[in-house]
Amino acid sequence: AKYGEAKSVIADRPHVFSMSCKVPSCNTELNTKEGRARAIEWFRKNRITKLWLESYRHAERVETKLLEEERDAFRAAGFEVCGMITPTKLNDPPEGGEAPFVVCWSDPKAWRRLAEESARAAKVFGTVIIDDFLFSGCDDGCARCKALKAKQGLKDWGVFRRELMKDVAERCIIRAGRSVNPKVRFIIKYPCWYQDWAKNGYDPMSGTRMFGECWIGTETRDANPDPVQGCCLVEAMDRLTDGRCGGGWYDALDCSPEKFVEQARYTIIGGARESLVHCYDYLIAKDPGSTPFGEKADRSHACAEAFTREVDGLARLAELLRGAERTGWGWLTAPAGNNTGVSIHGFRKDGRRYVVCVNTTGEWRAWTCDEGRPFRKILSLPDGSAGRVMMDGPDNPAVELAPHGLLVFEDPNDETEHGR
């Protein structure tokens, strides 16, 4: 593997596993003592210590009284509880139809509705995360946005959308929320489709300064050809925002169980302080509910089972990398020069060097450390069966990585001329 030059340090704090609960589950399975008791049992079994309760999504809401009841019940059970808003379907629906998921933000009614939901959430929660629909997709086909853009004298749609979304965030979220709770803290979550941020109204640097904290989507799912994307995004966002990226968020949509836990691993390897597992509805509820763009949650219960098997190992991985310095990463290449689908990540901590190997493929892969170092295996996921050590000890350890396996190796004697 060819390692990059970038170096950074993962935050030296305990990793948090949290879970979001969408409007449908808050209105059904979690609105009874029995339902909450079942959820609490699952949360505790799976190291979930923090919850994000959603108050608004897709023109549906959880009434304030029920939000307060659920907040208090989960807090009494020992969980940290925060709020969540998904800013979708805020325009009037057309006659005989439904409002679009992606909002037209030049609509004054959408501003008023978002301001109302922001204030309502701020009354119940001290911290509220805004899901990644705070963007604009309007173009020349939207007469309202086209007229506003012309009035402002702007020619570029990307500039128009960024200025528009800045105003929406400041007035309809931050000001509206702080008008009823001056201490409320809002967090903006950015989507994983970073290539299109600017043209759709996202500006992570100025946006994060405004909010004070951001999160990043680390979803890669089955179809993404770059499985390590989430890992890179966490680190990049933390650097871009001067350490204000609070966590990574992934889900079980269009995911095999193997891909789901891979997302969890890369979120931690990337250095996220918190892993938000989205969501109770997909993973645990009897009915996963609808998705905005037709994504499938048909394997989500299998993903939940895989997470249960993996979570103790994920916690060990997070603790191992806590406070560690990254020394670079790269793809393991075959002799012919092609990518093998195995990512190799280097870290240094407390005078020791660590190498994390992740096999993103469904096949066995061979790896040999060619540095002449006495690396030894210290962690294997899943279930200690991630690979076969063919040669261990001081002479270039060689292993075979199991399909979708993760191995961590340690060099306990890194404080040498070679190690430095």
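Me: Is H58 buried or exposed in this predicted model?
Reply: H58 sits in the loop between β2 (48–57) and β3 (60–61). Its relative accessibility comes out at 10%, and anything under 20% goes down as buried. So H58 is buried.

Me: And what is phi of H58 near?
Reply: Most residues other than glycine have a negative phi. H58 isn't a glycine, yet its phi is positive. The value is near 50°.

Me: Where does K89 lie, and what is its phi?
Reply: K89 lies in the loop between β4 (80–85) and α4 (108–124). With a relative accessible area of 13%, K89 is buried. K89 is not a glycine either, but its phi is positive, at about 50°.

Me: Which ring does the charged end of K89 sit over?
Reply: For a charge to sit over a ring, NZ of Lys has to be within 6 Å of the ring centre, and within 35 degrees of the ring normal. The charged end of K89 is 4.8 Å from the centre of its ring. That ring belongs to F101.

Me: What about K189: how far is its charged end from the centre of the ring of W249?
Reply: Here the partner is a Trp, with the charged end of K189 sitting over the ring of W249. The distance to the ring centre is 4.1 Å.

Me: How many aromatic pairs are there?
Reply: Ring centres have to lie within 6.5 Å for a pair to count. Going by that rule, the count comes to 22.

Me: Take F43 and Y280: what kind of aromatic pair do they form?
Reply: Their ring centres are 6.1 Å apart and the planes make an angle of 70°. Over 60 degrees counts as edge-to-face. So the pair of F43 and Y280 is edge-to-face.

Me: How many residues apart in sequence are the parts that F43 and Y280 tie together?
Reply: F43 is in helix α2 (residues 33–45), while Y280 is in helix α10 (residues 280–283). Both ends are buried, F43 at a relative accessible area of 0% and Y280 at 3%. The separation between the parts they join is 237 residues.

Me: F135 and Y202 pair up as well, so is that pair stacked, tilted or edge-to-face?
Reply: The centres are 6.1 Å apart, with 45° between the planes. Stacked needs under 30 degrees and edge-to-face over 60, with the rest counting as tilted. So F135 and Y202 make a pair that is tilted.

Me: Where do F135 and Y202 lie, and how far apart in sequence are the parts they tie together?
Reply: F135 is in the loop between β5 (127–130) and α5 (143–151), and Y202 is in the loop between β6 (185–190) and α7 (204–211). F135 counts as buried at 9% relative accessibility, and so does Y202 at 3%. The parts this pair ties together are 67 residues apart in sequence.

Me: Which residues do ring pairs link into a cluster?
Reply: F43 and Y280, the edge-to-face pair, both belong to the cluster. The full set is F17, W42, F43, F74, F79, Y250, F260, Y280 and F307.

Me: How do α2 and α3 pack: parallel, perpendicular or oblique?
Reply: The axes of α2 and helix α3 (residues 64–76) are 11 Å apart, at an angle of about 45°. That is neither under 35 degrees nor in the 65 to 115 range. So α2 is oblique to α3.

Me: Which residues of α3 does α2 meet?
Reply: The crossing of the two helices α2 and α3 is right-handed. From α2, the residues involved are R36, I40 and F43. On the α3 side, they meet E69, E70, A73 and F74.

Me: Which peptide bonds are cis, among them one ending at C279 and one at P382?
Reply: Most peptide bonds are trans. The bond from H278 has omega near 10°, and C279 is in the loop between β9 (274–278) and α10. The bond into P382, in the loop between β14 (376–381) and β15 (387–391), has omega near 5°. The cis bonds here include H278 to C279 and L381 to P382.

Me: Which residues does C172 contact, leaving aside neighbours within four places in sequence?
Reply: C172 lies in helix α6 (residues 157–178). At a relative accessible area of 2%, C172 is buried. Its contacts are W111, L114, A115, S118 and D167.

Technical notes
Residues numbered from 1 in each chain as written. Predicted model: local features only at pLDDT ≥ 70, side-chain atom pairs only at ≥ 80, totals over all residues. Heavy atoms only, no water. Phe/Tyr/Trp six-rings, centres within 6.5 Å; stacked < 30°, edge-to-face > 60°. Helix = DSSP H or I, 4+ residues; strand = E, 2+ residues; numbered from the N terminus. Buried < 20%, exposed > 50% of the residue type's maximum accessible area, 1.4 Å probe, protein only. Axes fitted to C-alpha atoms, helices over the stretch in contact; angles between N-to-C directions. Parallel < 35°, antiparallel > 145°, perpendicular 65-115°, else oblique. Left-handed = near helix turned anticlockwise from the far one by under 90°. Contact = heavy atoms within 4.5 Å.
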